[in-house]
Amino acid sequence: MRTRYPFLICSLLLLNLCLFIATPSSAFQSDELLLDDDEFGLEGGRSPDPLTVTRPVSTQSPTRRRSSDSTSDPDSKIQFTLEHAFGDSDFSPAGTFSARLKTSAHGGQTLTKLRFSRNDFSETEKYNFKKLLEGDEFYRIRLPSNVLTASGREQIISSVKARCLSPRDALDEHFVIHMEGVNILGVNYGSPGSCPYPRQLKLPSKWSFKSHTVLKYSDQAPRTPVFTEESVGENGEGEEVKPPEKAFWAKYWMYLIPLGLIVMNAMTQAMNMAEEPGTGQPGSQPQQVVAGRGQATAVRRR
Amino acid sequence: MGIRVFLLLLLFFCTSYPTFSLHEDQVGLMDWHQQYIGKVKHAVFHTQKAARKRVIVSTEENVVASLDLRHGEIFWRHVLGPNDVIDQIDIALGKYVITLSSGGSVVRAWNLPDGQMVWESTLLGSKSSRPLLLIPKNLKVDKDDVIFVYGNGFIYAVASIDGEFIWKKELASEGIDVQQLILPEGSDTIYAVGLLGSSRFDVYQLDVKSGELLKHNSMFFPAGFSGDLSFVSEGMAMAVDFTETVLVSVLFRDGQISFHKTHVSQLIPGFSGPAVTLPSKIPGTFILKTGSSVHFIKVINEGKLIVVGQVGHTDAVSDALSLPEDQQGFALVQQGDGKIFLTVKLGDDWTTNLIDDTVQMDHQRGLVHKVFLNTYVRTDRSNGFRVLIVMEDHSLLLLQQGEIVWSREDGLASIIDVKASELPVEKDGVSVAKVEHNLFEWLKGHLLKLKGTLMIATPDDVVAIQKIRLQSSEKSKMTRDRNGFRKLLIVLTRSGKVFALHTGDGRIVWSLLLKSLRKSETCENPRGVSLHQWQDPHHHALDENPSVLVVGRCGQGLDSAGVFSIVDTYTGKESYHVGPTHSIAHVIPLPFTDSREQRLHLLLDANRQGHLYPRTAEALGIFQHDLGNVYWYSAETDNGVLRGHGVQKNCVLEVADDYCFGTRDLWSIVFPSESEKIAATATTSSNEVVHTQAKVTADQEVMYKYISKNLLFLATVSPKAVGPIGSVTPDESSLVVYVIDTVTGRILHRMTHHGSQGPVNAVFSENWIVYHYFNLRAHRYEMSVIEIYDQARAENKDVLKLVFGAHNLTSPITAYSRPEVFTKSQSYFFTHSLKTIAVTLTAKGITSKQILLGTIGDQVLALDKRFLDPRRTVNPTQAEKEEGIIPLTDSIPIIPQSYVTHALKVESLRGIVTVPAKLESTTLVFAYGVDLFFTRLAPSRTYDSLTEDFSYALLLLTIVGLIVAIFVTWVWSEKKDLQDKWR
C-alpha cells in the first residue's frame, strides 16, 4: 500500500516536468505568452505597489505554461489519492481520483470527468472497519487541498460515522468535492441517502464500495436588480411614502353615512307623501286617518 | 451641519407620522439613554473667572469632554475616531481647549464654552515620536499667542488663535527620542531634551521666535539609561542607569551637560532590586519606585538628594499646582480599608499637610488610579482644595471638604459583553392597603390622561402627565412583571467590573469589581472576555438565584492563563472564583443542565483540551452520556482553515483529571490562501426559538425551512481586498459566502459575489442569513439575503397532510443524513455603511423579525425582514401581495421613522443585544458603545396587549355614557309612546 504513494508523486512530478519542458519548444507560442503576461501586467499595474504586481505573475506563470501547452493538448490527465483512517489511526491510501484538467481561455483551470477507483479492503482494514461499526466510530478520509501539488499543504479531512456507510448489505459512499480552480476546499462525505438515527449496527456482506462522486464549483450570486430612476421612484418611494390605498367605503364613510341618512329621511317623507293621497284606503286605522286628515286640512288651510 | 439638518428632519418625521413611530411625548417612556465618557486620562480645570466651573477631560475612549464641576454633568463632548487616540490636552488663551491626538499628528482647538471646533491642523512627518504639547503663558511671537507641539519628529510653533504654523524644525532626524520641551520663564530659548538610544543625552536649544537651532549639545553616558527621564527642574533631569541600581542626575543648564551618579542604596537603606523613576510633575522632587514602595526624593542645591517620604505602591500622586506666595502643592491619595486618605502637601515641605481628609469609599471602586488637584478660594479667603480622582473601575469622583461631591460610573463606557437576567418573582401579593392608598392617585392619573386624550389638558397638566408616565413605579420595580419587560442587564466592562442595570430606568442595581479580574502578582494583565448564563432556574430549583459565568484571561494571547468567576445576579456577590488556571480559548455552553439548573460548560484551552464545569460527579455523568454528540468548530483566520472537532476520551495528563477531555479533528475546510481570506462568520443565537418549520406560500404550497443550530455562515474576501474600500479594482476582488454544517463539515451552499469586498457584517437567524458588504462595481453598499429550505421534506407539500399528521416531521434529525437543501437569495442596494448588525428575538418566534442595523452615524435602524425577502418580484400577484411580499426594488428604503434611537446617538456604537420579553410581540433592545441605549420594540406592533397609555377611564366613561344614553332614550321613547297613545 505504502509503496504506491511515492510512485504517484513521482509520476506527478514527471508530468510536471514534461509540461515544463514542453513550453519553449515552439517560438510562436512564447510570443502569445508574453502578450498574455502583458495583459496581466496592465491589470496589476493599476495598483501602486510593485510588490503586488509581481506576486500574481509568479504564481500564475506555471498556469501560463500550461495554457500555452494546452493548445496542443487542451486537457491533461491528473490523479490524486484519497486516504482513509479508521477511528484515530494513521491515514493510508484508499483509492485514486483521476480527472481531466481543463484549461479555459482565461487561464483558469477546472477539473472535469472525475473518476474514482477505490482499492479493495485488505483483511486488516476489514477488521478495523468492523470494529468501527461495532463502536459507532468515525471513518475518516483525507484529500489534498491542491490537486497539482499534494505535499506541504493543509489537507482536507472529512469523517462520517462508519454505520452510515453500511445501511444495507453493501457499502455506499457519496463525495461532493467543492473545488475552486485546482484547489479543493472541502468535501461533503457520507452516505448517499439518509442515515436514520439511532444508527443500527449492520455488518456488510459485500466489501465493495459503491462510490458516487460529484464535483462542485461556486455559484454566481444573483445580480442586484437595477431599475431606472423612474421605476425606483414608482416602486421604492411611492410604495413607502403613500399610505395604502383604502377601499371606497373606508375613504368616504363620513360622507356616505349622512348622505344615507338624508336619503332615508327623504324616502320616509316621500313615503308619507305617497301615503297621503291614499288616505281613503280600507283597513287603515281610524285614528291615523283622523290625524292624516287633520294634517291635510292644515296644509290646505295654509 | 448635515447631521443636524438630518436630525431635525428626523424629528419632524417622527412627529408628523405618529402612527408609525414614537410620539414626541413618548420619548423616554420605555427607552433610556445614558451618556458616558470613559476612563479619564487627563484633566484640566477651568475655574478662574468662570461663572460655570468646569473641568476638561480626555479619556481612553477617545472622548474630549467638558464636565460641570458642581454636578459632574456633561456640558459638551466629542468622540474622536477609534484610531484617533488623544495624547495631550490643555487650555490656551483661556478659551480654547487644545487636543493633540493620533500620536502627535493632529492638533485641534475647541471652543471652551460650547465645544465647537475652532481649528484643526495636521502635523506631517514620517517618524513616529512621543507627542508633546507645551502651552506657555503670555508668550507672543509676531503678536500671536503660540503653542509648541512636538509630533512625528518635528517641533512646530502653532498660533493658538487660528492654528497656523509659525515655524517648524525637524529634531528626530537622527532618531532622538525627545522627552520634554522646556521653556524657562521669560526666556527666548526653548529646550528640547531627549535621549538617543539609551546612552546619549541630547539638548537642543531653539529660538522661540524663529525656530532657529541655537545650540545642540549631546553627551554620552557609558553606563546607559533605563526608562524615561524625570524632570526635576528647568535644568535638571533624573534617570536610572542600565543596572537599575544607580541614580543619575543630569544637569544641562546653559549648554553644559554633566552627570552625577548616586547609588540608590546610599539613599534607601536595604535597597535591593530594580529602581524605576515614575513620571511626576512636582518641582524639585522626583518619585522613585523600588519593589513595593514609592519614595519621594528631593533635590537640593543641584545634586544633593534627600528622601523626604515613602508611601505604598498603590497610592496615587497628582501633579503639582501653583499656589499663591510661590508655593507648589500636590495631592497624595492613600488607600485604607474602605477609606481613602487625601492629603495635600506643599512641594518643598513634606511634613505639613494643607488638608488631611478621610473619605469613605465603596469597596467596589478598587484602587485610586489618578488624582487631579484643583484649588479654590474659601469663604474665609483661605485656600481650599478639590480633587478629581479616577478609580480602578474607571469611575470619576470629585472630592471636596472630605466628601464625595459627585461620581460618574464611566466604566460603563467600555462594555465588553451583556447578558440579561430575570428579576425575582414577587413573593407576597400586592397588599390591599397599597392599592387603596393609590386608588385616588390612580383615578387622578387616569383623569389627567383622559384630559390629554381629549386635548383639553392645560400645559401644566401635560407636564404632570409626562411626569406620571416617566416616574411610573411599575417600571422600576425590583420584581418580575407579567410581560417580562423588567429584567436585569448584566454587563461586563473592561475594568473588570460587573454591573447590573435595571431595564426599567437604566439605574445600577449592583456592581461588583471582580477579584479574579483585578491585577495581582499571579495575573499581571487581566481582562474580561465574555459572560455566559451559568444558572437560569425556571422549572425546578426555583429557590436558587440565577448566576452568570464571567470569563477572563491574564494577558492578550489565547494561551495566557484563564480566570473565571460565578456571580449571583440577584445579590451581586461572587459565589465562586477560580484563579489563574488553564488557558481559555473558547467557551462552549452545553445544552445540558444539572439538577440545580447549572448549565454545563466546556472550556477549551489552547492545547485543545476541554475542561468540564461545574466539576461535579453529576455533571460528569450527564456529559459522558452525550459525549459523542458534542461538536464544535474553530476558524484559523491566518491560515484560512476551518476545522471541526469532537470530544474524545479523557485527556492524558500527569495527574489524572476526570473533568479534562481530549479532542480530535473531524473535518477541515481549507480556503486557498491566494484567493480567499476569512472575513466574517455568523451563527444563530443559541437561545433563539423558531415557531414553525414550515412556510405556507400564497399558492397553498409548503416550503420547509432548513433549521439547524449547527449551521455556520462564513464569508471570505480576496486577500488583496482586506484593506479599505477602494484599495482594489473590482476585477481583483470577490466575496465568497458559505453555509457550512459544523457537525459534518459539509458545505451546503457556496456563492461568489464578484467585484465585492468587505467589511462584511452578517446575521444568522432561523433559516436565513442577511449580510452587508460593498459592491465595487456599483460603488454602493449591498445587503444580501440567503434563505435555506429543506428539499428532503418537499414531498409533504400538502397543507392538509401537514395538518393531519401525515408527515415525517417527528423523526429524529441527524446531521449525518445527506442534506438536500435549496437556497433562495437576492441582493439589494443599501445606503449606509454599518458598524454592527443584529436581529430581534421574541419569546416564541411568532412575531416577524426586524434586522437592527448599527449605522455609521451611531444610530440603530430597524429594518423589516420583509424588505429582504428573496421571493420579492417586480409584479407580485394578488395572492403574493396578500402574503406580504413587497414589489421588488433595487435598493432598500430607509424610512426615517424606523430609527429605533429616534433623535439620539449611541456614540461609538459597538454592539446591539436583543432579549425576548415574555410578551410575544415585544423584544428588548440594548445598544452599547460609549453611550448606552435601551428600548422595547414590537416588530409587528403590540398585537397581544393594550398599549401602556391605554385610557381605561375613557373606556369606562364611554360605557357609562352609553348606558346612561340607553336609559335616557328609553325613558324618552316611553314618554313619546305614552304621548302618542294619549293623543
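This is a guided tour of a predicted model, going from the contact between chain A and chain B into chain B itself.

**The contact between the chains**

Begin by selecting chain A and chain B together, and display the residues where they meet: 57 residues from chain A and 57 residues from chain B take part in the contact. The size of an interface is often given as the accessible area lost when the parts come together. Here chain A and chain B bury about 4400 Å² between them, and 49% of that area is on carbon and sulfur atoms.

With the contact still on screen, turn to its polar features, where 22 residue pairs, both residues at pLDDT 80 or more, are in polar contact between chain A and chain B. To see which parts of chain A are involved in touching chain B, colour β4 (138-144), β5 (155-161), β6 (171-180), β7 (183-190), β9 (219-220) and α6 (229-241) of chain A, since these are the elements that give two or more residues to that side. Of these, β7(A) gives the most, with eight residues. Coloured by residue class, the side of chain A that touches chain B divides into 22 nonpolar, 20 polar and 15 charged residues.

**Arg664(B) and its partners**

Next, count the salt bridges between chain A and chain B, of which there are four, while the structure holds 40 over all chains. Select Arg664(B) and show its side chain together with those of Asp88(A) and Glu137(A). Arg664(B) forms a salt bridge with Asp88(A), in which the closest N and O atoms are 3.3 Å apart. Arg664(B) also forms a salt bridge with Glu137(A), again with the closest N and O atoms 3.3 Å apart. Glu137(A) lies in the loop between α4 (123-135) and β4 of chain A, whereas Arg664(B) lies in strand β49 (residues 660-670) of chain B, so this pair joins two chains.

**A strand pairing across the chains**

Now move to β9(A), and select with it strand β55 (residues 747-754) of chain B: the two pair in the parallel sense over two bridges. To find the place where they meet, select Asp219(A), which stands opposite Met751(B) in β55(B).

**Chain B as a whole**

Hide chain A and show chain B as a cartoon, in which eight helices and 65 strands can be traced. The radius of gyration of chain B is 34 Å, close to the 30 Å that the globule rule gives for 983 residues, so chain B is as compact as a globular protein of that length. Along its principal axes, the C-alpha trace of chain B spans about 120 × 85 × 60 Å.

**A hairpin in chain B**

Select strand β38 (residues 497-502) and strand β39 (residues 508-513) of chain B, which run antiparallel and are joined by five bridges. Within this pairing, Phe499(B) has Ser511(B) in β39(B) as its bridge partner. The hairpin has five residues between the strands, and there Gly506(B) takes a positive phi near 80 degrees.

**Backbone details in chain B**

Continue to Arg608(B), whose phi is near 60 degrees, a positive value in a residue other than glycine; this residue sits in the loop between β45 (599-604) and β46 of chain B. Then select Tyr613(B) and Pro614(B), which are linked by a cis peptide bond with omega near 0 degrees. Pro614(B) belongs to the loop between β46 (609-613) and α5 (617-625) of chain B.

For the last stop, select Gly758(B) and Pro759(B), where the peptide bond is also cis, with omega near 0 degrees. In this case the proline, Pro759(B), lies in strand β56 (residues 756-765) of chain B.

Terms used:
Residues are numbered from 1 along each chain as its sequence is written. Chains are lettered from A and ligands numbered from 1 in the order in which they are written. This is a predicted model: local features need pLDDT of at least 70, side-chain atom pairs count only at pLDDT 80 or more; totals for chains, interfaces and linings use all residues. Side-chain values use heavy atoms; hydrogens and water are left out. Contact means heavy atoms within 4.5 Å. Buried area is the accessible area (1.4 Å probe) that two parts lose on being put together, summed over both. A polar contact is a pair of N or O atoms within 3.5 Å; within protein, one must be able to donate a hydrogen and the other to accept it, and residues adjacent in sequence count only if both atoms are side-chain atoms. Helices (H or I, at least four residues) and strands (E, at least two) are DSSP runs, numbered from the N terminus. Ala, Val, Leu, Ile, Met, Phe, Trp, Tyr, Cys and Pro count as nonpolar, Asp, Glu, Lys and Arg as charged, and the others, Gly among them, as polar. Two strands pair if DSSP finds at least two bridges between them. The radius of gyration is taken over C-alpha atoms; the globule rule is 2.2 Å times the number of residues to the power 0.38.
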